[in-house]
Amino acid sequence: MRYSGLKLFLQGLGGHRGWSQAWRKPTPKSSYDVIIVGGGGHGLAAAYYLAKEHGITNVAVVEKGPIGLGNTGRNTTIVRSNYMFPQNHHFYEWSLKLWEGLEQDLNFNVMMSQRGVINLFHSDAQRQSFSRRGNSMMLSGIDAELLDRDQLRAMVPLLDLDNARFPIMGGLMQRRGGTARHDAVAWGFARAADQRGVDIIEHCEVTGIRREGNRVVGVETTRGFIGARKVGLAVAGNTSRLATMAGLRLPVESHVLQAFVSEGIKPFVDHVVTFGAGHFYISQSDKGGLVFGGNLDGYNSYAQRGNLPTVEHVWAAGLSMMPSLSRVRVLRQWGGVMDMTMDSSPFICKTPVEGLYLDGGWCYGGFKATPGAGWCHAYTIANDAPHERNKYFTIERFSEGRMIDERGAGAFPWLQ
Ligand SMILES: Cc1cc2nc3c(=O)[nH]c(=O)nc-3n(C[C@H](O)[C@H](O)[C@H](O)COP(=O)(O)OP(=O)(O)OC[C@H]3O[C@@H](n4cnc5c(N)ncnc54)[C@H](O)[C@@H]3O)c2cc1C
């Protein structure tokens with residue numbers, strides 16, 4: 001069924017009783033050409049692009065719970081491509097371009113809102129490094145703008161520019177950055193993949209990866225063995241666990257990151273704003289809630305919840321930037337488990353096991369990568385070779401000394 005304004009109107013007249021199921025609930029077949037493990041945005045996007053771009057439709061996405069309840073449904077929804085290193089920013093820019101056409105492509109409202117992302121700076125040295133990042137982006141044709149204090153004052157009036165704990169001197173802005181509705185992205189990819197014949201199998205946990213010699217032949221699951229010639233992993237914080245099932249050890253640590261939502265209030269902040277003197281980022285959802293987060297909890301864990309000292313730390317950073325936040329009440333808080341690489345850049349690659357592919361290592365920045373990562377993962381699986389856009393995101397870069405130490409806008413593994 002195609003969604004449209006007219007369809008919504010007509011369904012409204014009929015009491016909304018005529019909508020069809022957005023995706024089927026199939027029983028797993030005994031084997032597939034490709035199995036993608038993980039029904040988050042990345043896994044569902046890979047399945048969609050396998051079907052759409054490569055005509056590979058005998059595909060299953062195997063998810064241990066309901067789709068979209070991992071990090072895809074837990075993140076602060078920021079989408080941008082303001083990375084410094086070309087290995088990263090070309091990839092993220094491609095992903096942002098996919099975001100810009102995603103709603104038409106999927107026929108699903110993912111609520112993409114290009115409201116602009118502003119990174120604040122607080123010292124001359126930080127201005128230097130931010131302008132270097134902006135210049136690096138512009139040299140690659142990516143939009144970036146250095147804002148002075150007056151421009152900032154006009155755009156974000158509630159910033160405490162003068163009396164804040166760290167004076168705010170300006171900001172680096174990417175106007176095309178913004179936010180998207182996180183779970184709509186999972187639902188949109190799921191529906192579009194299902195329409196092209198992909199089986200989305202929920203409540204089916206992968207408990208083992210079966211190999212014959214060095215070749216993958218399928219996955220053991222809580223619903224039995226499912227054979228496959230190729231298996232792609234897109235399991236975020238569980239990447240090391242799944243890789244271990246295939247006999248691989250990865251340079252990845254699992255960490256907890258928390259997010260917060262306040263009560264709904266009148267328009268407070270129009271952009272995504274990030275604090276440059278600590279770890280804090282904030283935007284406002286369409287319902288009026290302030291959505292914000294900070295740094296990692298600082299210890300390894302697979303628990304999807306966080307600890308109180310981090311809550312205090314995040315709030316302290318937020319209040320340094322916008323003191324009026326002190327009046328806002330927080331409604332909800334949760335944690336997600338992320339897979340952090342030691343250079344803060346991801347993997348989209350083949351692995352040493354034949355037929356096993358990897359999409360992971362996103363730290364706390366993989367939501368923006370969802371369409372781009374799915375596209376590149378699908379390309380790599382279909383061609384058994386990486387595309388130009390993901391050729392640097394290999395596991396071997398660590399043994400070959402070619403790490404991509406993104407210092408512009410990635411995670412900071414060396415601080416944890
Ligand atoms: C609090 C928080 C805030 C964030 N904020 C941002 C942000 O603002 N912008 C941004 O770009 N990124 C952000 N991120 C990172 C981003 O959310 C992730 O990088 C991205 O969503 C990862 O998508 P995914 O599909 O790979 O993972 P997930 O959505 O986690 O999907 C992985 C799926 O694999 C399933 N799975 C795991 N093990 C198994 C198994 N054995 N068998 C079957 N299924 C399994 C899980 O149940 C899960 O559904 C944030 C993350 C967190 C936690």
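This dialogue looks at the ligand and its surroundings in a predicted model.

Trainee: How many residues surround the ligand, and which are the closest?

Mentor: Start with the shell. Here 35 residues surround the ligand. The closest are Glu 63, Asn 71, Thr 72, Thr 76 and Lys 368.

Trainee: How do the shell residues divide into nonpolar, polar and charged?

Mentor: Sort them by residue type. The shell holds 14 nonpolar, 16 polar and 5 charged residues.

Trainee: Which polar atoms lie within 3.5 Å of the ligand?

Mentor: Look for pairs of N or O atoms within 3.5 Å. A polar backbone atom of Gly 41 is 3.2 Å from an oxygen atom of the ligand. For Ile 78, a polar backbone atom is 3.0 Å from a ligand nitrogen atom. Asn 75 uses its side chain: a polar atom there lies 3.5 Å from a ligand oxygen atom. On its own, the ligand has 1,000 Å² of accessible area, and the protein covers 96% of that.

Trainee: Which element gives the largest share of the shell?

Mentor: Strand S12 does, with 3 residues. S12 spans 252-264. Helix H2, residues 41-54, also supplies at least two.

Trainee: Is S12 mostly covered or mostly exposed?

Mentor: Count its buried residues. In S12, 11 of 13 are buried.

Trainee: Which strands pair with S12, and in what sense?

Mentor: Follow the bridges. S16, residues 330-341, pairs with S12 in the antiparallel sense over 11 bridges. One bridge joins Val 256 to Val 337 in S16. S15, residues 289-300, is also antiparallel to S12, over 6 bridges. There, Val 261 has Val 291 as its bridge partner.

Trainee: Where do side chains point in a regular strand?

Mentor: They alternate between the two faces of the sheet.

Methods: Residues are numbered from 1 along each chain as its sequence is written. This is a predicted model: local features need pLDDT of at least 70, side-chain atom pairs count only at pLDDT 80 or more; totals for chains, interfaces and linings use all residues. Side-chain values use heavy atoms; hydrogens and water are left out. A residue is near a molecule or strand if one of its heavy atoms lies within 4 Å of it. A polar contact is a pair of N or O atoms within 3.5 Å; within protein, one must be able to donate a hydrogen and the other to accept it, and residues adjacent in sequence count only if both atoms are side-chain atoms. Accessible areas come from the Shrake-Rupley method with a 1.4 Å probe; for residues, only the protein chains shown count as cover. Helices (H or I, at least four residues) and strands (E, at least two) are DSSP runs, numbered from the N terminus. Ala, Val, Leu, Ile, Met, Phe, Trp, Tyr, Cys and Pro count as nonpolar, Asp, Glu, Lys and Arg as charged, and the others, Gly among them, as polar. Buried means under 20% relative accessible area, exposed over 50%, partly exposed in between (1.4 Å probe, protein chains only). Two strands pair if DSSP finds at least two bridges between them.
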